Amino acid sequence: MSTTTTRGVAQPAPAQASKPRPRRGLRASSTFNFWLFTGPFLIGLIIFVFVPIGWSVWLSFFEARFTVTPSEFVGFENYRQVLTDEDFLNSLVTFTVFAAFIVPATWAMSLGLALLVNRLRFMRAFFRSVFFLPTAVSYVAASLIWKMSLFNGVRFGLANTVIGWFGVDNIAWLASPDPPWYWLVIVTVRLWLQSGFFMILFLAALQNIPRELYEAASIDGAKPGWQTFRHITLPQLRATSTAVILLLLIAAYQAFDEFYNLLTKATWGQPPLVELYKMALGENQNYGAGSAGAVVLTVLICVVTLLQGKIMGFGRGEESK
Amino acid sequence: MTITAPDIDKAAKPVKVKRGGVIGNTGLYIATGIAALLFLIPFYLIVRNALMTDPEITGEEWKWFPTAIQWGNITEPFNDVTVDFARSLWNSVVVAVLHTAGILLICSMAGYGLARIPYRHANKVFYAVLVTLMVPTAVTFVPSFVLVSSLGWVDSYRGLIIPGLFSGFTCFLFRQYFLGFPKELEEAARVDGLGYWGAYWRVVVPNSLNFFAAIATITFINGWNAFLWPLVIGQDPSAWTVQVALSSYMTNQTVNYHLIFMATAISILPLIFVFLFLQRWLVQGIAQTGIKG
């Protein structure tokens, strides 16, 4: 545990006046060193992050199909096109519904797993590893298992085999939007893949809760179980919960892999990134509209993130500790 | 968002509460056990399907075990003519390794510079990095593709690797870490006559290997599992990574179940190894950073 050792090594009295003696040329040398260290990163950041963003904004005002050299200035036409495109608007609805399902579900599941694992007295490392293991699996591989073996529309999929034991007919899980069984498939893939990761965060937070709090509560007559959970554990996890929810929301916004792979031929349940992919790299290769869509999406994400930060008081929980 | 990392393995014993005894404990283990089984089923299905024949997989009767384990299936993805699986595996190895090495080098240096080297405009630079955290990288794939294709980097390792190296997030994590690094160690190095550069490589980095290992593990997993960008860049099958190859199996006309699942198993195996060997750092790193790339 080097982080703890390195931290442990040096906790002497706050080093007063330990600033290096002012020397001639020191300022110049630290300026040089600053750029030596951060320069490569910043150059890359400008070229591969800032330039694409700027380019995107610029392209979004032009007609640009099949080519990245824009031909004609069209003003807000691309935006109008994107914002009246039914598929794109539907994708925003899809995202909202998806987030409304997956964020609370993953929050509850990862917290539940953390509570379970945290109570174990032996084999704790084993169970933690089991729940954490799916983190190693890609969305593509997981989609493959879900689509071809778990939720296959015919009998040999595990889900249909199991419901068959109870005399229920096969369900075509992914093949139709009504009833929306595909939703179950989409949500369970992500639950399986990401719960273990967030469980680790909750485990870490659970172990940071001072035991005295529980002792005090038990002296005050709080019944262990729901009462302690409600009045001690949950409030103590506030900062972590906020961070987890924010991360889950951002991750949900970026959903692409499992939708692309599970609903390849479907026209329903497409999230924004899949629509953008189709728009810019599909048959029409409409970079102008694709860029406008990217701008709209970026603005939306920023607004949602900021709002959520405001509502949940992101960061406040930690500072007030 | 930094969360101090307790050592989860040696964590304090669960709080003793007046409760349960043998029955409560058994219930706890039964619940955990059932959850664990559910989590393991998908892994089991990969292995089962990979080692079965197609008629057995798609047969009338569900079989938990193959009647005869088909070890011969192991070579099948490599003999498949429609997808060059070996090539895609190799591409993934190259991309994930260089991606990880590059990110560690570039982002750690930048994080150190931002955390430790006094410079008048350091704050402005830091804000510029923070701004990029607000813009999700997945959204910029359209303009990034436009840029990379105009550089002529489509279907190349450069295109697959370089744009992903400048992660504002990893830089931010390194900065936070270096802010907590004991100054005294570096000052000792400075007294001994080392400049920033020397102190960084000879004192700071060697004393931060655990943190580097944690970030490396997370970065490697993300690099190996990345899909959207490799899909965009890999227009030609020769530039496919293993994830793109797997995805292409799903849209193929003919479905060859045992081959697909064997390929999936092979694609997951390296990560399971990384996972089992480096889990300590991985857990620690996640608990510390709270973030997946």
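# Exercises on a predicted two-chain model

In this predicted model, A:Thr298 is buried, with a relative accessibility of 14%.

**Exercise 1. Place A:Thr298 in its chain, and state which residues it touches.**

Solution.
- Step 1: A:Thr298 belongs to helix H14 (residues 287-312) of chain A.
- Step 2: Leaving out residues up to four places away in sequence, A:Thr298 touches B:Val135, B:Pro136 and B:Val139.
- Step 3: The cut-off for buried is under 20% relative accessible area, so A:Thr298 at 14% falls in that class.

**Exercise 2. Describe the interface of chain A and chain B: how many residues are in contact, and what area is buried?**

Solution.
- Step 1: On the chain A side 109 residues make contact, with 120 residues of chain B.
- Step 2: About 10900 Å² is buried between chain A and chain B, and carbon and sulfur atoms give 75% of this area.
- Step 3: Helix H2 (residues 26-59) of chain A supplies 23 residues to the side of chain A that touches chain B, the largest share.
- Step 4: Sorted by type, the residues on that side of chain A are 69 nonpolar, 29 polar and 11 charged.

**Exercise 3. How many salt bridges and how many residue pairs in polar contact does the rule find across the interface of chain A and chain B?**

Solution.
- Step 1: For salt bridges, the count across the interface of chain A and chain B is zero.
- Step 2: For polar contacts, the count across the interface is 14 residue pairs, with both residues at pLDDT 80 or more.
- Step 3: Over all chains, a search of the whole structure finds four salt bridges.

**Exercise 4. Take the salt bridges of A:Glu77 with A:Arg80 and of A:Glu258 with A:Arg190. For each residue, decide whether it is buried or partly exposed.**

Solution.
- Step 1: Side chains of opposite charge can pair when their charged atoms come close.
- Step 2: A:Glu77 and A:Arg80 form a salt bridge at 3.1 Å, N to O.
- Step 3: Both A:Glu77 and A:Arg80 lie in helix H3 (residues 77-84) of chain A, three residues apart, which is about one turn of the helix.
- Step 4: A:Glu77 is partly exposed at 31% relative accessibility, and A:Arg80 is partly exposed at 48%.
- Step 5: The salt bridge of A:Glu258 and A:Arg190 has an N to O distance of 2.7 Å.
- Step 6: A:Glu258 is in helix H12 (residues 257-262) of chain A and A:Arg190 is in helix H8 (residues 182-206) of chain A, so this pair ties together parts 68 residues apart in sequence.
- Step 7: A:Glu258 is buried at 1% relative accessible area, and A:Arg190 is buried at 4%.

**Exercise 5. Give the closest N to O distance between B:Lys63 and B:Glu56, and classify both residues.**

Solution.
- Step 1: In the salt bridge of B:Lys63 with B:Glu56, the closest N and O atoms are 3.3 Å apart.
- Step 2: B:Lys63 has a relative accessible area of 28% and is partly exposed.
- Step 3: B:Glu56, at 11% relative accessibility, is buried.

**Exercise 6. Check the span of helix H11 (residues 238-253) of chain A, and decide how far the helix is enclosed.**

Solution.
- Step 1: The expected span is 1.5 Å times one less than the number of residues, so the 16 residues of H11 should span 22 Å.
- Step 2: The end C-alpha atoms of H11 are 23 Å apart, which agrees with the expected span.
- Step 3: Of the 16 residues of H11(A), 13 are buried, so the rest of the structure largely encloses this helix.
- Step 4: In chain A as a whole, 52% of the 321 residues are buried.

Key. Residues are numbered from 1 along each chain as its sequence is written. Chains are lettered from A and ligands numbered from 1 in the order in which they are written. This is a predicted model: local features need pLDDT of at least 70, side-chain atom pairs count only at pLDDT 80 or more; totals for chains, interfaces and linings use all residues. Side-chain values use heavy atoms; hydrogens and water are left out. Contact means heavy atoms within 4.5 Å. Buried area is the accessible area (1.4 Å probe) that two parts lose on being put together, summed over both. A salt bridge is a side-chain nitrogen of Lys or Arg within 4 Å of a carboxyl oxygen of Asp or Glu. A polar contact is a pair of N or O atoms within 3.5 Å; within protein, one must be able to donate a hydrogen and the other to accept it, and residues adjacent in sequence count only if both atoms are side-chain atoms. Helices (H or I, at least four residues) and strands (E, at least two) are DSSP runs, numbered from the N terminus. Ala, Val, Leu, Ile, Met, Phe, Trp, Tyr, Cys and Pro count as nonpolar, Asp, Glu, Lys and Arg as charged, and the others, Gly among them, as polar. Buried means under 20% relative accessible area, exposed over 50%, partly exposed in between (1.4 Å probe, protein chains only).
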